[in-house]
Amino acid sequence: MLHSKPKEDSYLQKGLRKQLVQTLREKGIQDERVLAAIEAIPRHFFLDPAFERQAYEDRAFPITAGQTISQPYTVAYQTQLLEIKKFDKVLEIGTGSAYQACVLAELGVSLFTIERQRALYDYVGQFFFIKNYPNIKRFYGDGYEGLPSYAPFDKILVTAAAPFIPPKLVEQLKPSGIMVIPVGDDTGQKMLRITKDTDGTTHIEERGDFSFVPMLTGKNNK
Ligand code: SAH
């Protein structure tokens, strides 16, 4: 495992992180708690050592198993749209590197996160840093199914490009809950923010154009 041993968080890296937070502010992120979480979490811990130098550029990066760690702006933007409150029960689809999971966990939520690729699921299980967050529960499974036995959730976050809004996820959202999901195809997606009224009706707002790796069906056991 590449990152099973603790890594250093140097003054240089802390300084680069402050600059990244400043960049996110300039790009319109205003939620101070989200910015503080990004400043607190050493993103370079989540990257292959070969990419560590680029960890604090506002870019997505390849991780293991052909997947990516989302761009910091995207992580901050999706998190901000969720209007997270401490102790919210949150479901994330697409654990990937677990960076987004740690940002949510840093905000004090109870996080449930699902990954469909066994190799990635196992990889994150070896990751020393995730052990700092006992409020993260990881699952190997298909995000289209959600987690019926733990539902309903206050917030649901999808971090892969969905071809449509998965009905089971809408079912698993609490009344007054918020779901944030990029919907579209491989040419691009619209970020959707779905809110559920107390009577169960849903409202959908479009919040910009994004580009994610696809949300695939079923599990991958490799
Ligand atoms: N949140 C991640 C972003 C990872 S990229 C991070 O912070 O690093 C999207 C992830 O979604 C990939 O790991 C991919 O394997 C996963 N994924 C795609 N379809 C899925 C599905 N149906 N269920 C669960 N995970 C899925």
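This is a short walk through a predicted model, covering its cores, its ligand site and a few backbone oddities.

Okay, let's begin with the packing. The largest nonpolar core in this model has 50 residues. If you want to find the middle of the contact network on your screen, look for Ile38, Phe46 and Phe129, the residues with the most contacts inside that core. Now, who supplies the residues? The elements giving two or more are helices 1 to 5, that is 11–26, 32–40, 72–81, 99–106 and 118–125, along with strand 7, which is 173–185. Which helix gives the most to this core? That would be helix 4, with six residues.

There's also a second core, separate from that one, with 21 residues. Among its members are Phe112, Tyr144, Phe153 and Leu169.

Let me stay with two of those helices for a moment. Helix 3 has ten residues and ten of them are buried, so the rest of the structure largely encloses it. And they are not just greasy side chains on that list: Thr74, Gln78, Thr79 and Gln80 are buried in helix 3, and so are Tyr73, Val75 and Leu81, for example. Right after helix 3 comes Glu83, with a positive phi near 50°.

Helix 4 tells a similar story. Seven of its eight residues are buried, so helix 4 too is largely enclosed by the rest of the structure. The buried ones are Tyr99, Gln100, Ala101, Cys102, Val103, Leu104 and Ala105. What follows helix 4 is Gly108, again with a positive phi, near 85° this time.

Helix 4 brings us to the ligand, since it is one of the elements that give two or more residues to the shell around the ligand. The others are strand 2 at 68–69, strand 3 at 89–93 and strand 4 at 110–115. So where does the ligand sit? In the largest pocket. Altogether 27 residues surround the ligand, and the closest are Gly94, Ser97, Glu115, Gly143 and Leu216.

Three of those closest residues are worth zooming in on. Ser97 uses its side chain: a polar atom there lies 2.7 Å from a ligand oxygen. Gly143 comes in with its backbone, where an N or O atom lies 2.7 Å from a nitrogen of the ligand. Leu216 also uses a backbone N or O atom, 2.6 Å from a ligand nitrogen. And how much of the ligand is covered? On its own the ligand has 580 Å² of accessible area, and the protein covers 99% of that.

Last part, the backbone. As a reminder, most residues other than glycine have a negative phi, and most peptide bonds are trans. With that in mind, have a look at Phe87, whose phi is positive, near 75°. Phe87 lies in the loop between helix 3 and strand 3. Is Phe87 buried or exposed? Exposed, with a relative accessible area of 66%.

Ser176 is another non-glycine residue with a positive phi, about 75°. This one isn't in a loop, though: Ser176 is found in strand 7, and strand 7 is on the list of contributors to the largest core.

Finally, the cis bond. The peptide bond from Ala151 to Pro152 is cis, with omega near 0°. Pro152 is found in the loop between strand 5, which is 136–140, and strand 6, which is 153–158.

That's my tour, and I'm happy to take questions.

Note on methods. Residues numbered from 1 in each chain as written. Predicted model: local features only at pLDDT ≥ 70, side-chain atom pairs only at ≥ 80, totals over all residues. Heavy atoms only, no water. Core = buried A, V, L, I, M, F, W, Y, C linked by side-chain atoms within 4.5 Å. Buried < 20%, exposed > 50% of the residue type's maximum accessible area, 1.4 Å probe, protein only. Helix = DSSP H or I, 4+ residues; strand = E, 2+ residues; numbered from the N terminus. Near = heavy atom within 4 Å. Polar contact = N/O pair within 3.5 Å; in protein donor to acceptor, adjacent residues only side chain to side chain. Areas by Shrake-Rupley, 256 points an atom, 1.4 Å probe, with all protein chains shown as cover. 1 Å grid on protein atoms, 1.4 Å probe; cavity = no way out; pocket = protein on both sides within 12 Å on 5 of 7 lines; lining within 4 Å. Sits in = over half its atoms within 2 Å of the grid points.
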